[in-house]
Amino acid sequence: MHPVSVAAFTDTYLPTVNGVSYTIQTWRDRWRDRGGTMNVVYPGSDEYDPGDGEYPVGSLPFPMYEGFRLGTPRIPTAAADVDVVHAHTPFAVGLGGVRLARREDLPLVTSYHTPTAEYADYLTSRPRVERGIERIAERYERWFLSRSDAIVCPSEDAKERAVGNVPVDTPAVVLSNGVDVEFFSPTDPESFRARYDLPSGPLVGYTGRHGYEKNLSEFLRAAAGVDATVVLGGDGPARDDLEALADDLGLDAHFLGFLPREELPAFYSALDAFVFPSPVETQGLVALEANACGTPVVAVDAGALSNTVEDGVTGYHYAHGDVDGCRDTIRRVLDERATLAESCLAQREELSVEHAVDKLASLYERVIEKKRT
């Protein structure tokens, strides 16, 4: 088969850095390395100049979610001559992907990165209204996924949500987003420590969105009483409250703000434990990035993290809501840091984005062949 050409439609992309935009960019680069084409259709922004194979559509900022833009379901002509369509999000730009697949009778693959209903939090703070929006979102999500020839889920938990909460007849496959293990690898962290004025001694931390849904207050409360410095990278609406809580608890906590991507390997390498208390993940890519750098993870036993982290190999779990259990697990990971680091590094090949793209290529070939027959 000739190298497959793909049109990827996404409602979130650069300059916004998150798991979806990072995954699409990394898959696109690896796809090009294999001789294929992966055009990306995304909401345009004055803050990002498109490169080859990137096609912005008109968009407006979404006031309730910083960094997210509302695009239009337009199909750029230059992006449309492809073998398969891959919709990464179910909103307006994703609908453009559905339209293209239907118009040209092309196979459609969709990714289930985040349950649509979770965005209800950004639209209202009124519980009754929120529940109504969630019900509408679930019905819409079921319709959107049912248009697909295959659903890509980054974890078993995401697959269960896709086929359980919004049952469809479309086959769902588990396919990790993968990690660039050439980039995310153990790094000497001393210059990073010096640049951010981090003290000597154990460091426990997290990087990513500081949203209330990430449950980071549980991490801070658990860190009280642990002989370690807390380091948090990233930003978000909960940051002010988290900083206030850290002060109230008397923590030695350093809030670093948004970290450039090139600093992330040193950040992970500097940590003795990455603490991930978020119960809402569909994969938890930052946990895998930490593992690829040899850093074990303290993970809540909920959502995708129940499977993303392997007890005694890449870290340990604790029960959601159990602050004392989280504290004990942090201490256990710190005690076993050396052996856990070794077993994390032994998993690197399995985590690699190359491994993920191998599976993606096989999936594309299957849906193309099925469409032809």
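This passage describes the sheet, the first helices and the nonpolar cores of a predicted model.

The sheet comes first. Strands of a sheet pair through backbone hydrogen bonds, either parallel or antiparallel. Here, seven strands form an open sheet, and their pairing is parallel. The order across the sheet is β3-β2-β1-β6-β7-β8-β9. Its edges are β3 and β9 (172–174), each of which pairs on one side only. From one strand to the next, the twist averages 20 degrees. Within the sheet, β1 and β6 are parallel partners joined over four bridges. Phe9 has its bridge partner in β6, namely Ala87.

Two helices lie across these strands. Helix α1 crosses β1, β2, β3 and β6, and runs at about 155 degrees to β2. Helix α2 (residues 92–104) lies across β1, β2, β3, β6 and β7 (108–111). The angle between α2 and β1 is about 145 degrees.

Helix α1 spans residues 19–33, 15 residues in total. From first C-alpha to last, α1 reaches 21 Å, close to the 21 Å expected at 1.5 Å a residue. At the start of α1, a side-chain oxygen of Asn18 comes to within 3.1 Å of the backbone nitrogen of Val20. After α1 comes Gly35, with a positive phi near 90 degrees. Buried residues of α1 include Val20, Tyr22, Ile24, Trp27 and Trp31. Arg28 and Arg30 are also buried. The buried residues of α1 pack against strands β1 (5–9), β2 (37–43), β3 (54–57) and β6 (84–87). They also pack against two helices, α9 (285–292) and α14 (353–372).

The loop between β1 and α1 holds Thr12. Thr12 counts as buried because its relative accessible area is 9%, below the 20% cut-off. The side chains of Thr12 and Asn18 are joined by a polar contact of 3.0 Å. Beyond its neighbours within four places in sequence, Thr12 is in contact with residues including Val20, Ser21, Ile24, Pro43, Phe68 and Thr89.

The largest nonpolar core has 58 residues. Those with the most contacts inside this core are Phe219, Phe267, Tyr268, Phe274 and Ile330. Helix α9 supplies the largest share of the core, six residues. Leaving aside neighbours within four places in sequence, Tyr268 is in contact with Phe184, Thr207, Phe274, Val286, Glu289, Ala290, Cys293 and Thr295. Another core, of 20 residues, lies apart from the largest one. Among its members are Leu360, Leu363, Tyr364 and Val367.

Definitions and conventions
Residues are numbered from 1 along each chain as its sequence is written. This is a predicted model: local features need pLDDT of at least 70, side-chain atom pairs count only at pLDDT 80 or more; totals for chains, interfaces and linings use all residues. Side-chain values use heavy atoms; hydrogens and water are left out. The expected span of a helix is 1.5 Å times one less than its number of residues. Buried means under 20% relative accessible area, exposed over 50%, partly exposed in between (1.4 Å probe, protein chains only). Contact means heavy atoms within 4.5 Å. A polar contact is a pair of N or O atoms within 3.5 Å; within protein, one must be able to donate a hydrogen and the other to accept it, and residues adjacent in sequence count only if both atoms are side-chain atoms. A nonpolar core is a set of buried Ala, Val, Leu, Ile, Met, Phe, Trp, Tyr and Cys residues joined through side-chain atoms within 4.5 Å. Two strands pair if DSSP finds at least two bridges between them. Axes are lines fitted to C-alpha atoms, for helices over the stretch in contact, and angles run from 0 to 180 degrees between N-to-C directions.
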